[in-house]
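Q: Can we go through this structure together? I'd like to take it one topic at a time.

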Amino acid sequence: MGSESALKLPVIDFSYSGEPGTPEWDSLKAQVWEALVEYGCFEAFFNKVPLELRNSMLGAIEELFDLPLQTKLRNVSKKPFHGYVGQYPMVPLYESMAVDDADISDKVESQTNILWPQGNPSFCNAIHSFTEQLSELDKVVRRMVVESLGVEKYLDEHIGSTNYLLRVMKYKGPETTDTKLGLSAHTDKNIVTILCQNQVDGLEVKTKDGEWINVKPSPHTFIVMIGDSLLAWANGRLHSPHHRVMMRGNKARYSAGLFSIPRAGYIIKAPEELVDDEHPLLFKPFDHVEFLAFYYTEAGQRAESALRAYCGA
């Protein structure tokens, strides 16, 4: 069927999730668990991020990528793909930039000042406020996963082991009706990714059966997706889906991904309660930063599953 598949991601409404332990919470938790086991992702209504804030953030992304190339190149980082990324022959339509600790206003401001030495308060406020509000959805989803696994005693450690990175992205329209690659198929390497995008098609998610779902963008929803690090922590009970961006036409696609990232030095390992005769350990304990370093090597890029190649048990 390919990318024209009529399949759709599950849609889950977080407008009223209730408190943990209530029937509303438990009903929502069951939907989240089923979606993450089967698809590794779902579409979420989350009204705690107002539409006005979402639009301000997307406008801030457009303002950033409209800067002159020499200005954008001032944003550099020792971490792979954290500074300005663009002009890559393999993905010529793609540009991105990462904001570390985007929920901390001082960190956002210091990175903003690299691009706008005179300051840009509206950009800072949009990025910081958006991250702060959307991170609540990340915490709710992760709590539901931990509860579904029956390992609530690890909840505080699990939530506290991460920080937030906001990656902003632009995909230029290829100026053709032919479909062109915007970003190669990959799985995310972090804990949870939450994607927000403008109203331009492009995102595709691969099912377990190998079909591609063309995700239709909505101004009212976010895409929540599991990364390899949560797959490993859950000892393989969830699904970390391959996804890609395919572009056509002349409109640019702007998107933002909120990533919960394991802190450097924190060792990801499955809780002992999730390892038994029926569920043998699938992945050895690992440091996310070291795993990323492997992923960006030739061997890591070549591997069908970088996670299994790096720490498969």
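**Strand pairing and other features**

A: Start with one pair of residues: M97 has V168 in β4 as its bridge partner. Keep in mind that this is a predicted model.

Q: Which strand pairs with β4 there, and in what sense?
A: Strand β3, residues 94-100, pairs with β4 in the antiparallel sense, over seven bridges.

Q: How do strands in a sheet pair in general?
A: Strands of a sheet pair through backbone hydrogen bonds, and the pairing is either parallel or antiparallel.

Q: And over how many bridges do β4 and β11 pair?
A: β4 and strand β11, residues 253-262, pair over 10 bridges, in the antiparallel sense. As an example, L166 stands opposite L258 in β11.

Q: Why is β4 described as largely enclosed by the rest of the structure?
A: Strand β4 covers residues 162-171, and nine of its 10 residues are buried, so β4 is largely enclosed by the rest of the structure.

Q: New topic: the nonpolar core. Which residues touch the most other members?
A: The largest nonpolar core has 71 residues, and those touching the most other members are F14, F42, I127, F130, L134, L137 and V168. Helix α5, residues 121-149, gives the most to this core, with 13 residues.

Q: V168 again. What is I127 in contact with, leaving aside its neighbours within four places in sequence?
A: I127 is in contact with M57, V99, A102, V108, L166 and V168. V168 is the residue that has M97 as its bridge partner, and L166 is the one opposite L258.

Q: What other core lies apart from it?
A: Another core, of 19 residues, lies apart from the largest one. Among its members are V85, L183, V205 and M225.

Q: Back to sheets. In what order do the four strands of the open sheet come?
A: The order is β5-β10-β7-β8, and the pairing is antiparallel.

Q: Which strands stand at the edges?
A: β5 (176-186) and β8 (212-214) do. Each has a single partner strand, so one side of each is left without a neighbour in the sheet.

Q: By how many degrees are neighbouring strands of this sheet turned against each other?
A: By 25 degrees on average, with direction ignored.

Q: What does β8 pair with?
A: β8 pairs with strand β7, residues 203-206, in the antiparallel sense over three bridges. Within that pairing, E204 has N214 in β8 as its bridge partner.

Q: OK, charges now. How many salt bridges are there?
A: The count comes to 11 salt bridges. Side chains of opposite charge can pair when their charged atoms come close.

Q: Give me one. What does K29 form a salt bridge with?
A: K29 forms a salt bridge with D26, and the closest N and O atoms are 3.6 Å apart. Both residues lie in helix α1 (residues 23-38), three residues apart, which is about one turn of the helix.

Q: Is K29 buried or exposed?
A: K29 is buried, at a relative accessible area of 16%. D26 counts as partly exposed because its relative accessibility is 35%.

Q: Which residues are linked with D26 and K29 in a network of salt bridges?
A: R143 and E147 are linked with D26 and K29 in that network.

Q: What about E298 and R302, how far apart are they in helix α9?
A: They are four residues apart in helix α9 (residues 298-302), about one turn of the helix. Their side chains meet in a salt bridge, at 3.3 Å from N to O. E298 is exposed, with a relative accessible area of 62%, and R302 counts as exposed at 59%.

Q: And what does the side chain of K107 meet in a salt bridge?
A: The side chain of D101, at 3.0 Å from N to O. K107 counts as partly exposed at 38% relative accessibility, while D101 counts as buried at 14%.

Q: Last topic: how many disulfides does a search of the whole structure find?
A: Zero. For C41, the nearest cysteine sulfur is that of C196, 16 Å away, whereas a disulfide needs the two sulfur atoms within 2.5 Å.

Q: Is C41 buried or exposed?
A: C41 counts as buried, at 0% relative accessibility. C196 is in no disulfide either, and C196 counts as buried at 1% relative accessibility.

Terms used. Residues numbered from 1 in each chain as written. Predicted model: local features only at pLDDT ≥ 70, side-chain atom pairs only at ≥ 80, totals over all residues. Heavy atoms only, no water. Buried < 20%, exposed > 50% of the residue type's maximum accessible area, 1.4 Å probe, protein only. Salt bridge = Lys/Arg side-chain N within 4 Å of Asp/Glu carboxyl O. Helix = DSSP H or I, 4+ residues; strand = E, 2+ residues; numbered from the N terminus. Pairing = 2+ DSSP bridges. Core = buried A, V, L, I, M, F, W, Y, C linked by side-chain atoms within 4.5 Å. Contact = heavy atoms within 4.5 Å. Axes fitted to C-alpha atoms, helices over the stretch in contact; angles between N-to-C directions.
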